[in-house]
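Dear colleague,

I am handing over the structure below, and after it I set out what was found, step by step, so that you can follow along in the viewer.

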Amino acid sequence: MSDNCPVCGTNSYKVTGRPKPNSVSVSFIKKDYKVVKCNGCGSYYVYPRIDFTDSQWSELYNSEYFSAQTNWLIKKRAKELALRFDKALSYLNNSDKINFLDIGTGEGRALIEAIRRGWNATGIDIVDNRIAEAKKNPITFISGKFLEIDLPENHFDFIFLDSVLEHVLQPAEYLAKIKNILKPNGIVYIGVPNEDSLFNSVRKLVFRFTGQKTISEKLKPFDSPYHVVGFNHHSLNFIINKTGLRIKLLRNFGRKLDFLSNPVNSKAFWTGLLFLFPVEMIGFITKRDVYYEAYLTK
């Protein structure tokens with residue numbers, strides 16, 4: 001892998017700052033890494049290319065990556081997931097049993113929803129962090145790197161990548177392989193953060209006023225959630241078009257009420273209500289919300 005942009009291959013960039021490590025990743029860092037913006041496609045990435053070993057990545061993703069969730073938030077996310085599956089179904093002409101692939105399975109909640117609908121469900125991840133319900137038969141789980149796993153061509157009706165592309169060092173190769181294993185007229189769901197969100201602009205101001213102006217507000221490659229590549233509206237369109245997939249729907253949105261999952265007497269609740277909620281509302285109005293989702297086909 002080269003140090004060029006992992007989306008378009010350009011070797012021209014602008015430095016946005018340095019990434020801030022946590023207590024786990026700091027011992028892995030042996031180079032002078034910077035977060036940069038590609039002058040070609042507008043993507044954000046880490047330069048030079050991160051060279052952590054597989055065991056080091058596994059240690060990062062095992063170090064309390066999945067935070068505790070309240071029942072309210074679990075139910076809210078389950079409803080959102082079901083709506084995404086419903087939207088994907090509205091684009092599919094296949095009435096037979098659906099072959100579903102979840103890349104970056106995490107806790108496995110997408111697999112649970114797929115099985116609930118009677119689909120053939122397969123999940124892939126480098127670490128098995130599934131909850132107990134997502135480990136039941138007939139779910140198939142493959143532990144390993146997606147690009148190294150042999151999968152049949154034109155096989156899957158629906159491929160799900162929620163919060164995945166921003167974690168991989170070869171996003172263009174991911175989408176190329178996904179196109180290869182997707183059935184004609186099948187659907188791919190992609191969800192990625194918007195690195196040009198208003199929230200990140202506010203973070204930049206906070207860093208400057210707190211004496212951290214050299215820290216980049218883009219990405220968090222060495223601290224949870226470990227994003228190593230970042231997208232905005234332009235670069236997300238670029239990588240989709242480069243792969244040859246077609247956009248059915250592309251939407252910018254945010255999760256403005258998640259602070260309600262915290263107790264009223266907690267710091268997280270009041271931080272969310274007084275700071276995050278207003279920022280995200282303004283981001284919504286100015287079309288600079290924190291997240292993008294896309295439904296794609298071939």
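Please keep in mind throughout that this is a predicted model. A good place to begin is with two aromatic residues, Tyr33 and Phe222, both of which are buried. Their rings form a tilted pair, because the centres lie 5.2 Å apart and the planes meet at 55°, whereas an edge-to-face pair would need over 60 degrees. Tyr33 sits in the loop between β1 (13-17) and β2 (34-38), while Phe222 belongs to the loop between α5 and β9 (229-230), so this pair ties together parts that are 189 residues apart in sequence.

A second pair, made by Phe85 and Phe160, is edge-to-face, with 5.5 Å from centre to centre and 65° between the planes. Here helix α2 (residues 71-91) provides Phe85 and strand β7 (residues 156-162) provides Phe160, and therefore the pair ties together parts that are 75 residues apart in sequence. Phe85 and Phe160 are both buried as well.

How many aromatic pairs does the structure hold? The count is 19. Phe85 and Phe160 also belong to one aromatic cluster, whose other members are Tyr91, Phe100, Trp119, Phe158, Tyr189 and Tyr295.

Turning to the surface, you will find a positive patch formed by Lys14, Lys204, Arg208 and Lys213. Of these residues, Lys204 is placed in helix α5 (residues 198-209), and its relative accessible area of 35% means that Lys204 counts as partly exposed.

With best wishes

How values were computed. Residues are numbered from 1 along each chain as its sequence is written. This is a predicted model: local features need pLDDT of at least 70, side-chain atom pairs count only at pLDDT 80 or more; totals for chains, interfaces and linings use all residues. Side-chain values use heavy atoms; hydrogens and water are left out. Patches are made of residues with over 30% relative accessible area and no salt bridge: like charges are joined within 9 Å, nonpolar side chains (Val, Leu, Ile, Met, Phe, Trp, Tyr) within 5 Å. Accessible areas come from the Shrake-Rupley method with a 1.4 Å probe; for residues, only the protein chains shown count as cover. A salt bridge is a side-chain nitrogen of Lys or Arg within 4 Å of a carboxyl oxygen of Asp or Glu. Lys and Arg count as positive and Asp and Glu as negative; His and the chain ends are not counted. The place of a charge is taken as NZ of Lys, CZ of Arg, CG of Asp or CD of Glu. Helices (H or I, at least four residues) and strands (E, at least two) are DSSP runs, numbered from the N terminus. Buried means under 20% relative accessible area, exposed over 50%, partly exposed in between (1.4 Å probe, protein chains only). Rings of Phe, Tyr and Trp (its six-membered ring) pair if their centres lie within 6.5 Å; planes under 30 degrees apart count as stacked, over 60 as edge-to-face and the rest as tilted.
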